[in-house]
Amino acid sequence: MNWLTFALMTVVSWGLYGIFLHTGQTYMADKQNALYKSFLFVGLAYFLTAVLAPLGMLAMRKATWSFPTQGMGWSLLAGIVGAIGAFCVLLAFGNGGRPGVVMAIVFAGAPIVNAVVALLLDPPENGWGSIKPQFFLGIVLAAVGGCLVTFYKPPPPKHAPAPSAQTAPAASSPAKAN
């Protein structure tokens, strides 16, 4: 069941992703460019965790440095669509979306897209008619669940606005001794 542990760790990580990303964007204190600045640090984090860490692991495992073209292509495409998704989450936040709503839509919709595309790429052996009704019910429940969370999420408490560069207090200089 190691796979389940890692899947649940992903659920926690991605569940926190939108909240942390929105908070980071808010604290960039640059309404015009905050989402781009936030995305820059998302990219830096990806570099640290998705480039340096695997390089270290491959080196430690004395892996071959042979990369088949198809494996590289599909992996690069996966990274591109993942980065586009992360950027679109920021664009949603930048255009008034709240983390609880945006992420509910994303996380309810993504499994539906995954299931449909997986079926289109690898249709059932006995045809589409062999798909059990529970599968379609799951698709409907995912969509309904996303809608319910979106429409009925309790509003957050009112917070003071994030500090901005213009409103941040100036650092006071120490008094000079006579």
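**Helix 4 and its neighbours**

Let me begin with one residue, Ala 110, which is partly exposed, having a relative accessible area of 40%; partly exposed is the range between buried, under 20% relative accessible area, and exposed, over 50%, with a 1.4 Å probe and protein chains only. This is a predicted model, in which local features need pLDDT of at least 70 and side-chain atom pairs count only at pLDDT 80 or more, while totals for chains, interfaces and linings use all residues. Residues are numbered from 1 along each chain as its sequence is written, and side-chain values use heavy atoms, with hydrogens and water left out.

Ala 110 belongs to helix 4, residues 99-121, where a helix is a DSSP run of H or I with at least four residues, and helices are numbered from the N terminus. Although 32 residues separate Ala 110 from Ala 142 in sequence, the two are 9.5 Å apart in space, C-alpha to C-alpha.

How far should the 23 residues of helix 4 span at 1.5 Å a residue? The expected value is 33 Å, which agrees with the 32 Å between its end C-alpha atoms, the expected span being 1.5 Å times one less than the number of residues.

Turning to its buried side chains and their surroundings, the buried residues of helix 4 include Pro 99, Val 102, Met 103 and Ile 112. The buried residues of helix 4 pack against helix 1 (2-26), helix 3 (69-94) and helix 5 (133-152), with contact meaning heavy atoms within 4.5 Å.

Helix 3 and helix 4 pack at about 145°, their axes 10 Å apart; axes are lines fitted to C-alpha atoms, for helices over the stretch in contact, and angles run from 0 to 180 degrees between N-to-C directions. Val 89, Ala 92 and Phe 93 of helix 3 make this contact with Pro 99, Val 102, Met 103 and Val 106 of helix 4.

Helix 1 and helix 3, for their part, pack at an angle of about 55°, with 10 Å between their axes. That makes helix 1 oblique to helix 3, since angles under 35 degrees count as roughly parallel, over 145 as roughly antiparallel, 65 to 115 as roughly perpendicular, and the rest as oblique. Among the residues that meet here are Tyr 17 and Leu 21 in helix 1 and Val 89 and Phe 93 in helix 3.

Finally, Lys 37 forms a salt bridge with Asp 30, the closest N and O atoms lying 2.9 Å apart; the term covers a side-chain nitrogen of Lys or Arg within 4 Å of a carboxyl oxygen of Asp or Glu. By that rule the count is one salt bridge, and Lys 37 is partly exposed, with a relative accessible area of 35%.

Notes
Helix = DSSP H or I, 4+ residues; strand = E, 2+ residues; numbered from the N terminus.
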